[in-house]
Amino acid sequence: KKMNIKITGSGSYIPTEVVSNVDFAKHVFLNDDGTPFPHPNDVVAEKFLEITGIQERRYVTDDLNTSDIATIAARKAIADAGIDPETLDYIIFAHNFGNVKKGAIQTDILPSLATRVKFDLRIKNPKCVAYDMLFGCPGWVEGVIQAQAFIKAGMAKKCLVIGAETLSRVVDLHDRDSMIYSDGAGATIIEATEDEGGILAHETATFTYDEAYYLFFGNSFNKDHDPDVRYIKMHGRKIYEFALSQVPKAMASCLEKSGIDISEVKKVLIHQANEKMDEAIIQRFYKQYKQTPPEGIMPMSIHKLGNSSVATVPTLYDSLVKGRIENQELHKGDVIIFASVGAGMNINAIVYRM
């Protein structure tokens, strides 16, 4: 019998602290050279909403770290899949900044976050291998691609793939881009099954020649801040143009490999980075087939959840399958595309049948 590789369970943790655009009213936004930003904050917030679609975002409470929220999401995914955690062969944990304690300036990845999750889940089995994946925002999608490879190679039957991040701990409050970022965790169980469907094709690429430093760790725009403390920074315009030119191509290449016709695609779950960018990517993807995107093809979570990096795609998937997104649903047999772009610069996609 043909073995298919499927997501058999999912879980997520949506942090409890709601931060609206209005909450940024007291921030002192500066230009990158430290000079005052010329527009008042209400204008900044209005323009920000227009471009990104973000109305609010979620932050973790002070007592929680990235590995904690990952464990919560992992527990839910394990329960959802109905498996014994002792039977897991791999725990693949995608993040970018490790555990950054509230108020700390150092990241903590000793031991790795995957190790901490395995410890928190109280898994005894030493043959359950736990490791971290640093791949920018596309980390969770890449973790799923790796899990699939392990299963295909006969090295695994069940893998736990997690994407979790607490970007609220690494943002520069003087940078308007800080309004984009949020926290969250999503987890999935990937396993070999005789069920129909599963992963049909995947595509991954790393662009570094010109693009390596589009996202980077840099100084605060506030020149009075300690220059040795750094924050997440990006060249937003460059990322936008790069994503628009490369992501639709990768999605089309992935779809071609899968042998699935564009008309069969029911949903595209794309990294929630910026609403305008995602809409432009979808438009361009369909344009390659001389079509316009069908109504409701792209479920969105960014309006209320912001951009939680590696967590956006798995939390979006979990919300969708659990029926938590208004006017959106998935059915058995539906074909979906996962796609992501982020630091590296990395791009990936998966064509998947429910």
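These legends accompany close-up views of a predicted model.

**View 1. A five-stranded open sheet.** Let's start with the sheet, where 5 strands line up in the order 1-7-6-4-5. The sheet is open, and its pairing is mixed. At the edges sit strand 1 (4–13) and strand 5 (129–133), each of which pairs on one side only. On average, neighbouring strands of this sheet are turned by 20 degrees against each other, direction ignored.

**View 2. Strand 4 beside strand 6.** Here we zoom in on one pair from the sheet: strand 4 (residues 90–94) and strand 6 (residues 158–166). The two run in the parallel sense and are joined over 5 bridges. If you would like a landmark, look for Ala-94, which stands opposite Gly-163 in strand 6.

**View 3. Two helices packed on the sheet.** Helix 3 (residues 113–120) packs on the sheet and touches strand 4, strand 5 and strand 6. The direction of helix 3 makes about 140 degrees with that of strand 5. Helix 4 (residues 139–152) also packs on the sheet. Its contacts are with strand 1, strand 4, strand 5, strand 6 and strand 7. The direction of helix 4 makes about 165 degrees with that of strand 6.

**View 4. The largest cavity and its lining.** How many cavities of 30 Å³ or more does a search of the whole structure find? The search finds 1, and the largest cavity holds about 50 Å³ of space. Around the largest cavity you will find Tyr-13, Ile-14, Pro-15, Arg-58, Asp-183, Gly-184, Ala-185, Leu-305, Ser-308 and Thr-315. Strand 7 (residues 183–193) gives the largest share of this lining, with 3 residues. By residue class, the lining of the largest cavity has 5 nonpolar, 3 polar and 2 charged members.

**View 5. The second largest pocket.** Our last stop is the second largest pocket, with a volume of about 650 Å³. Which of the 31 residues that line this pocket are the closest to its centre? They are Lys-102, Ser-168, Arg-169, Val-170 and Val-171. Strand 2 (17–20) and strand 10 (230–234) each supply at least two residues of the lining of the second largest pocket. That lining divides into 14 nonpolar, 9 polar and 8 charged residues.

Conventions: Residues are numbered from 1 along each chain as its sequence is written. This is a predicted model: local features need pLDDT of at least 70, side-chain atom pairs count only at pLDDT 80 or more; totals for chains, interfaces and linings use all residues. Side-chain values use heavy atoms; hydrogens and water are left out. On a 1 Å grid over the protein atoms alone, a cavity is a set of points where a 1.4 Å probe fits but cannot get out, and a pocket is an open set with protein on both sides within 12 Å along at least five of seven lines; lining residues have an atom within 4 Å of a point. Grid points are joined across faces, edges and corners, and a volume is the space filled by probe spheres set on the points. Helices (H or I, at least four residues) and strands (E, at least two) are DSSP runs, numbered from the N terminus. Ala, Val, Leu, Ile, Met, Phe, Trp, Tyr, Cys and Pro count as nonpolar, Asp, Glu, Lys and Arg as charged, and the others, Gly among them, as polar. Two strands pair if DSSP finds at least two bridges between them. Axes are lines fitted to C-alpha atoms, for helices over the stretch in contact, and angles run from 0 to 180 degrees between N-to-C directions. Contact means heavy atoms within 4.5 Å.
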